[in-house]
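Thank you all for coming. I would like to take a few minutes to walk you through one structure, so please have a look at it before I go on.

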Amino acid sequence: MEIKNKVAVVTGAGSGIGLAVSRHLARLGVSKLGMVDIDQNVNDAANTINDELGTDIAISFTGDTTDGKFRKDVYDTLCSDNKLVNICVPCAGITRDALAVKINKETSNAEIYPEEEFKLVMDVNLIAPVYWAIEMVARHAELRAKQGLKKWSPDEHVQGTIIFIGSVSSQGNKGQISYASTKAGLEGAAATLTKEAIFHGVRCGVIHPGFTDTPMVRALGDDYINKHILQYTQLGRLIRPDEIAEAICFMIANSAVSGNLWADAGWHPAAS
Ligand SMILES: NC(=O)c1ccc[n+]([C@@H]2O[C@H](COP(=O)([O-])OP(=O)(O)OC[C@H]3O[C@@H](n4cnc5c(N)ncnc54)[C@H](O)[C@@H]3O)[C@@H](O)[C@H]2O)c1
């Protein structure tokens with residue numbers, strides 16, 4: 001699917017991978033770019049992209065991706081001139097890392113991972129990305145129905161692409177019971193949408209980045225990164241956000257690519 005002149009929405013666009021994808025999509029010529037983040041700094045990020053390219057294609061939206069009304073408002077704004085969103089990359093994500101069961105050394109009592117934390121991570125990392133994707137599919141489906149179109153046919157060309165951001169943690173990672181569950185969950189959602197959404201001309205895939213040099217990973221601290229990440233990474237370094245962004249744009253542009261792409265720098269964690 002040609003990226004040039006398409007309309008894109010990226011969540012978590014104020015930082016890290018979402019920001020890098022936004023920059024790449026802008027440079028590749030999208031006609032409109034919705035940059036969504038809960039953090040106000042997404043406004044500066046959008047301005048910087050516009051200034052760099054001498055355009056006004058990037059539009060920032062500040063809000064919580066788990067808020068359904070906010071999501072609809074963003075889509076309404078992006079679709080206001082009768083265009084549909086063609087590219088959806090829902091990157092907004094959080095971690096709330098802790099062991100599933102931890103023994104308190106003083107009392108010998110088992111501390112169980114808090115359910116509230118698990119639900120929060122599910123809301124942000126799994127349910128919200130899936131609904132940002134479904135919103136795009138729904139608008140394609142509705143327009144097609146109103147135009148009297150039924151099943152999409154390949155000669156209409158691909159109308160839209162969704163790329164979810166999984167993680168190497170989807171295969172299991174100590175201390176990431178909630179995060180890993182959400183990232184594995186995206187695979188099931190993508191596999192289902194892949195089968196359903198092509199009826200309306202929309203493709204779907206998942207990229208599983210390894211540890212990437214963003215604030216989310218830097219928050220782990222240099223000691224943790226050196227001890228628990230770099231020594232298990234074939235490249236011996238963190239992945240650059242631009243490397244992930246480039247891989248995402250490749251997945252969008254090349255319609256023969258489907259399913260899961262592992263961009264993990266050869267990260268193979270210890271078994272125990
Ligand atoms: N950095 C990595 O190593 C890595 C690896 C695999 C997958 N990922 C995934 O990539 C995505 C981006 O992560 P990142 O490393 O760039 O992190 P990041 O912390 O740099 O960026 C995440 C962005 O999401 C925003 N956000 C969080 N919750 C939000 C909400 N409810 N509504 C709107 N915005 C919200 C944050 O404000 C932030 O700007 C996440 O889904 C993450 O799980 C990251």
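I will begin with the surroundings of the ligand and then turn to one strand and its neighbours.

Please keep in mind that what you see is a predicted model. Around the ligand there are 27 residues, of which Gly12, Ser15, Gly16, Gly93 and Thr214 come nearest. By residue type, this shell divides into 12 nonpolar, 12 polar and three charged residues. Two helices, α1 (16–27) and α6 (215–218), each supply at least two residues of the shell.

Let me now move to strand β2, which spans residues 32–37 and is mostly covered, with six of its six residues buried. As a general point, side chains in a regular strand alternate between the two faces of the sheet. In β2 both faces are covered, since Lys32, Gly34 and Val36 on one side are buried, and Leu33, Met35 and Asp37 on the other are buried as well.

What, then, does β2 pair with? On the one hand, strand β1 (residues 7–11) pairs with β2 in the parallel sense over five bridges, and within that pairing threonine 11 has valine 36 of β2 as its bridge partner. Between these two strands the chain passes through α1, in a β-α-β crossover that is right-handed.

On the other hand, β2 is joined by five bridges to strand β3 (residues 58–62), and these two also run parallel, with aspartate 37 standing opposite threonine 62 in β3. Here the chain crosses from β2 to β3 through helix α2 (residues 41–53), and this β-α-β crossover is right-handed too.

Methods. Residues numbered from 1 in each chain as written. Predicted model: local features only at pLDDT ≥ 70, side-chain atom pairs only at ≥ 80, totals over all residues. Near = placed C-beta within 6 Å. Helix = DSSP H or I, 4+ residues; strand = E, 2+ residues; numbered from the N terminus. Nonpolar A, V, L, I, M, F, W, Y, C, P; charged D, E, K, R; others polar. Buried ≥ 20, exposed ≤ 12 C-beta atoms within 10 Å, placed from the backbone. Pairing = 2+ DSSP bridges. Right-handed = clockwise from strand over helix to strand, strands pointing away.
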